[in-house]
Amino acid sequence: MVCAALTLGGCDQLPKTDDSQSMKMEQTISLVQPVDNGVTLMAALKERQSVREFSAEALSLEQVSGVLWAAYGINREDGKRTAPSALALYPLTVYAFFAEGVYSYNPAENTLNRVAEGDHRAISGMQDWVATAPMNLVYVADLGVYSQMPPYLEDVKRLLAAQDAACCVENANLWAAANNMGAVTRGSFKEPEILSLLGLDAERYTVVLAQSVGNLK
């Protein structure tokens with residue numbers, strides 16, 4: 001623990017983690033289990049802020065693994081996640097956009113699987129700086145999971161998926177803050193281009209949120 005009994009007045013700076021293992025951008029990337037660095041929730045909340053300027057350095061395997069696990073990883077033996085889901089339907093798939101390609105996150109296997117080659121970061125947002133962020137996360141919902149819902153909930157399927165995604169991004173924001181990283185939640189993205197790239201039917205799938213993550217400048 002960096003500070004004894006961290007309080008609201010706690011430390012001015014969180015500890016720097018040793019994220020030295022580079023990530024090899026292979027077809028399938030095996031992620032690692034996140035390490036508890038001892039930072040309290042109170043300290044992470046104190047440091048959380050929206051960051052839109054990032055260092056150009058690539059994220060390490062530990063950093064990517066930690067952000068994705070915090071966002072939507074499995075934290076119990078029954079397969080449930082770090083983030084809650086309305087009706088426990090878990091409609092989301094998290095896609096990570098890197099300079100080298102686009103990957104889908106598989107929480108059960110704790111892997112990233114490449115679904116598109118090349119740099120497509122620009123379509124994951126509307127702002128110019130998104131195209132250079134080290135990692136952009138895009139949260140895509142499969143609305144088909146709600147097919148058995150009562151008719152009176154038919155009009156709120158996208159809202160339920162967006163609620164799920166909001167919990168995911170804040171988990172990731174807090175993990176980033178606790179590990180001296182920057183992140184920002186984004187509601188703007190190029191949905192038609194994203195769904196086309198991923199080969200997803202726009203009648204069934206929808207992009208609900210996006211997020212940029214990187215090291216601080």
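1. A residue is called buried here when its relative accessible area is under 20%, exposed when that area is over 50%, and partly exposed in between. In this predicted model, Phe98 is buried, and Tyr103 is buried as well. By the same definition, buried residues make up 47% of the 217 residues in the chain.

2. On the overall fold, the chain contains four helices and seven strands, and their order along the sequence is β-α-α-β-β-β-β-α-β-α-β. The radius of gyration is 17 Å, close to the 17 Å that the globule rule gives for 217 residues, so the chain is as compact as a globular protein of that length. Taken along the principal axes, the box filled by the C-alpha atoms is roughly 55 × 40 × 30 Å.

3. Helix α2 deserves a separate comment, both for its geometry and for its surroundings. Its 12 residues should span 16 Å at 1.5 Å a residue, and the C-alpha atoms at its ends are 17 Å apart, which agrees. Of these 12 residues, 10 are buried, so α2 is largely enclosed by the rest of the structure. The buried positions in α2 include Leu61, Val64, Val67 and Leu68, and also Gln63, Ser65 and Tyr72.

4. Helix α3 can be checked in the same way: for its 22 residues the expected span is 32 Å, and its end C-alpha atoms are 32 Å apart, in agreement with that value. After α3 comes Asn180, which has a positive phi, near 55°.

5. The whole structure has four salt bridges. In one of them, the side chains of Arg48 and Glu170 meet with an N to O distance of 3.7 Å. Arg48 belongs to the loop between α1 (41-47) and α2 (61-72), whereas Glu170 belongs to helix α3 (residues 157-178), so this pair ties together parts that are 122 residues apart in sequence. Neither partner falls in the buried class: Arg48 is partly exposed, with a relative accessible area of 29%, and Glu170 is partly exposed at 30% relative accessibility.

6. Two further salt bridges can be described individually. Arg114 is bridged to Glu117, with the closest N and O atoms 3.9 Å apart, and Glu117 counts as exposed at 60% relative accessibility. The side chains of Asp119 and Arg121 also form a salt bridge, at 2.8 Å from N to O; here Asp119 is partly exposed, with a relative accessible area of 41%, while Arg121 is buried, with a relative accessible area of 11%.

7. Which aromatic residues are paired, and how are their planes set? The structure holds three aromatic pairs. Phe54 and Trp129 form a tilted one, with 6.4 Å from centre to centre and 55° between the planes. This pair links distant parts of the chain, since Phe54 is in the loop between α1 and α2 and Trp129 is in the loop between β4 (111-117) and β5 (135-142), 75 residues apart. Phe54 is buried, with a relative accessible area of 10%, whereas Trp129 counts as partly exposed at 22% relative accessibility. Phe98 and Tyr103 make up an edge-to-face pair, 6.0 Å from centre to centre with 75° between the planes, and both of these residues are buried.

8. Arg81 should be inspected together with two tyrosines. Arg81 lies over the face of Tyr72, at 4.4 Å from the ring centre, and the charged end of Arg81 also sits over the ring of Tyr90, 5.0 Å from its centre. Of these ring partners, Tyr72 is one of the buried residues in α2.

9. What is the count of disulfides? The count comes to zero. Cys167 is in no disulfide, and the nearest cysteine sulfur, that of Cys168, is 6.9 Å away. A disulfide would require the two sulfur atoms to be within 2.5 Å, and the 6.9 Å between the sulfur of Cys168 and that of Cys167 is therefore too far for a bond. Cys167 counts as partly exposed at 30% relative accessibility, while Cys168 is buried, with a relative accessible area of 0%.

Conventions. Residues numbered from 1 in each chain as written. Predicted model: local features only at pLDDT ≥ 70, side-chain atom pairs only at ≥ 80, totals over all residues. Heavy atoms only, no water. Helix = DSSP H or I, 4+ residues; strand = E, 2+ residues; numbered from the N terminus. Buried < 20%, exposed > 50% of the residue type's maximum accessible area, 1.4 Å probe, protein only. Expected span 1.5 Å × (residues − 1). Phe/Tyr/Trp six-rings, centres within 6.5 Å; stacked < 30°, edge-to-face > 60°. Lys NZ or Arg CZ within 6 Å of the ring centre and 35° of its normal. Rg over C-alpha atoms; globule rule 2.2 N^0.38 Å.
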